[in-house]
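Subject: The structure for you to look at

Hi there,

Here is the structure I promised to pass on. Please open it beside this email and follow along as you read.

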Amino acid sequence: MSNSEFFTFPRIVGGAPVGSCQAIPWQVRITIDRLELCGASIIDQTHLLTAAHCVPSGAHLEVVAGEYDLLHKERSEQSLEVSEVAVHPNYTTLPNGAIINDIAVLTLRNPLNFSNPCIAPVCLSPDYTVAAGGEKCTVSGWGTTKYDGMVSIQLQSVSIKTYQGSECASTFGFRSLMKYVPSPSTQLCAGDPVNGGEDACQGDSGGPLTCQTASGHYVQVGVVSYGKGCATAQYPGVYASVNAYYDWIQQHL
């Protein structure tokens, strides 16, 4: 496969606006060098989780929490300054464009305001595993609603069936699992293998993939990483698996 077969940088199709900043209060926007858009999630008052490819060395990062509409300055917004970036030491983009260990932790200079109803942390768990055979989870962001389209003005989300990395090949029929999902123990995939139509897209990279537990809590299971185009039936979105990196994340909090 050539590099052009994967879209590996900032990448919601088939979704809808979430309605308000309180709907997904752990969602954060990152703008890289005032140009590229990514997402992130709130881990605690001073740390965010995102994709490693969203934080290139030397880039200027504009980070905002509590946001819903990109065109309007909202009272709920809190602009953040990043004091430290921890990128996984084995983060690598392969020659075919696939990415492994695509995860990073950002340390904030000042704490987030958790008294703001639009700002709250998401749960992380070393034990939560996506159900065998797939389960519906939610991905969110301000990314484009189609490949090479315009970014979304309001925060969007879509419910999307998510699979363990070890099930990606059998579910989506890849000829070579190692080319598209090179690390099934540390990656997840999500999408509709027959019809497509639901996916993260350009500008959603680094954002959270969350599943709702039986108790009603949301647990982040994935970080948006890469895919081929957006919402293509045979090529799901690929995510860094949060529980696979749980210990590494904890070391940087």
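Below is what I found, going from the domains to the sheet and then to the empty spaces.

One thing to keep in mind throughout: this is a predicted model.

**Two domains**

The protein chain falls into domain 1, covering 25-108, and domain 2, covering 135-243. Taken over C-alpha atoms, their centres are 18 Å apart. If you look at where they meet, 26 residues of domain 1 are in contact with 28 residues of domain 2.

**The sheet**

Next, have a look at the open sheet, which is built from 7 strands. Going across, the order is 6-5-2-3-4-10-7, and the pairing is antiparallel. Strand 6 (78-80) and strand 7 (82-87) are the edge strands, each pairing on one side only. On average, neighbouring strands of this sheet are turned by 30 degrees against each other, with direction ignored. As a general reminder, strands of a sheet pair through backbone hydrogen bonds, and this can be parallel or antiparallel.

For a close-up, go to the end of the order where strand 6 sits beside strand 5. Strand 5 spans residues 61-65 and pairs with strand 6 in the antiparallel sense over 3 bridges. There you will find V64 standing opposite S79 of strand 6.

**The largest pocket**

The largest pocket holds about 180 Å³ of space. It is lined by 18 residues, and those closest to its centre are T129, Q164, L188, S241 and N243. Which strand gives the largest share of this lining? That is strand 15, with 3 residues. Strand 13 (187-190) and strand 15 (218-226) each supply at least two residues of the lining. By residue type, the lining of the largest pocket has 8 nonpolar and 10 polar residues, and no charged ones.

**The largest cavity**

The largest cavity contains about 30 Å³ of space. Its lining is made up of I99, I100, N101, D102, T186, Q187, S225, A240 and Y245. These divide into 4 nonpolar, 4 polar and 1 charged. What I liked here is the link back to the domains: domain 1 and domain 2 each give at least three residues to the lining of the largest cavity.

Happy to go through any of this with you.

Best wishes

Definitions and conventions:
Residues are numbered from 1 along each chain as its sequence is written. This is a predicted model: local features need pLDDT of at least 70, side-chain atom pairs count only at pLDDT 80 or more; totals for chains, interfaces and linings use all residues. Side-chain values use heavy atoms; hydrogens and water are left out. Two strands pair if DSSP finds at least two bridges between them. Helices (H or I, at least four residues) and strands (E, at least two) are DSSP runs, numbered from the N terminus. Axes are lines fitted to C-alpha atoms, for helices over the stretch in contact, and angles run from 0 to 180 degrees between N-to-C directions. On a 1 Å grid over the protein atoms alone, a cavity is a set of points where a 1.4 Å probe fits but cannot get out, and a pocket is an open set with protein on both sides within 12 Å along at least five of seven lines; lining residues have an atom within 4 Å of a point. Grid points are joined across faces, edges and corners, and a volume is the space filled by probe spheres set on the points. Ala, Val, Leu, Ile, Met, Phe, Trp, Tyr, Cys and Pro count as nonpolar, Asp, Glu, Lys and Arg as charged, and the others, Gly among them, as polar. Domain bounds come from an automatic or database domain assignment. Contact means heavy atoms within 4.5 Å.
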